[in-house]
Amino acid sequence: MADRITAGILGLAIIVIFAFSAVLAVPAASAEQAGTFAGTWVASGQRQPFDFVEGRNVGTFNLAGNVSLKDEFGAIEDFWAECVGLSDSTAGSCVRCVWRSLKGEKAYSVLSGQPLKEGVKVTGEFVGGTGSLKGVVGTFSFTWDTTFFDSDRGMFTGHTEDLSGSYRIP
């Protein structure tokens with residue numbers, strides 16, 4: 001009888017160990033993260049005019065600068081944002097940006113709005129990312145508070161204090 005009790009306890013122990021190892025082998029699912037953010041962006045860059053239809057101001061440009069957030073965006077507060085685009089005084093702008101964190105995570109966005117000048121509202125859409133921002137989607141907007149354009153050198157500098165938006169990371 002003692003052998004049956006020992007065998008039963010041993011069998012129960014094996015079942016418990018097997019059950020725990022099966023549970024531990026399942027990778028933990030990461031929870032979706034969502035939130036809102038607000039902050040500032042200071043950017044500068046260069047615009048290269050493009051010869052096009054008379055009376056229509058067209059050119060390519062690149063911008064880069066610091067995005068400083070009051071609220072975290074996927075646990076990140078500071079980014080270096082780089083954008084390239086095509087501006088058209090009639091059709092608006094077509095802009096693609098990448099925000100890079102200090103750790104190298106990236107958030108990709110598409111902007112739409114009018115030319116780079118004071119008082120212009122710009123909207124953006126996050127279309128993906130890398131690292132902890134992989135798959136990020138969301139929207140944001142800002143208005144250029146102050147701008148400076150040196151037409152002789154094609155240099156632009158702009159600042160905004162109303163950068164805000166929302167995001168979701170799967």
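Helices (H or I, at least four residues) and strands (E, at least two) are DSSP runs, numbered from the N terminus. The exercises below use a predicted model, in which local features need pLDDT of at least 70 and side-chain atom pairs count only at pLDDT 80 or more, while totals for chains, interfaces and linings use all residues. Residues are numbered from 1 along each chain as its sequence is written, and side-chain values use heavy atoms, leaving out hydrogens and water.

**Exercise 1.** Work out which pattern the protein chain follows along the sequence.

*Solution.* Begin with the tally: the protein chain has 1 helix and 9 strands. Then read along the sequence, and the pattern is α-β-β-β-β-β-β-β-β-β.

**Exercise 2.** Find the disulfide (a pair of cysteine sulfur atoms within 2.5 Å) and describe its handedness and place.

*Solution.* Step one: searching the whole structure gives 1 disulfide. Step two: the partners are Cys83 and Cys97, with sulfur atoms 2.1 Å apart. Step three: the torsion about the S-S bond of Cys83 and Cys97 is about 110°, so this disulfide is right-handed. Step four: Cys83 sits in strand β3 (residues 76–88) and Cys97 in strand β4 (residues 92–101), so the pair ties together parts 14 residues apart in sequence.

**Exercise 3.** Sort Cys83, Cys97 and Cys94 by burial.

*Solution.* Recall the cut-offs first: buried means under 20% relative accessible area, exposed over 50%, and partly exposed in between (1.4 Å probe, protein chains only). Cys83 and Cys97 are both buried. Cys94, with a relative accessible area of 39%, is partly exposed. For the wider setting, 33% of the 170 residues of the protein chain count as buried.

Methods: A disulfide is a pair of cysteine sulfur atoms within 2.5 Å.
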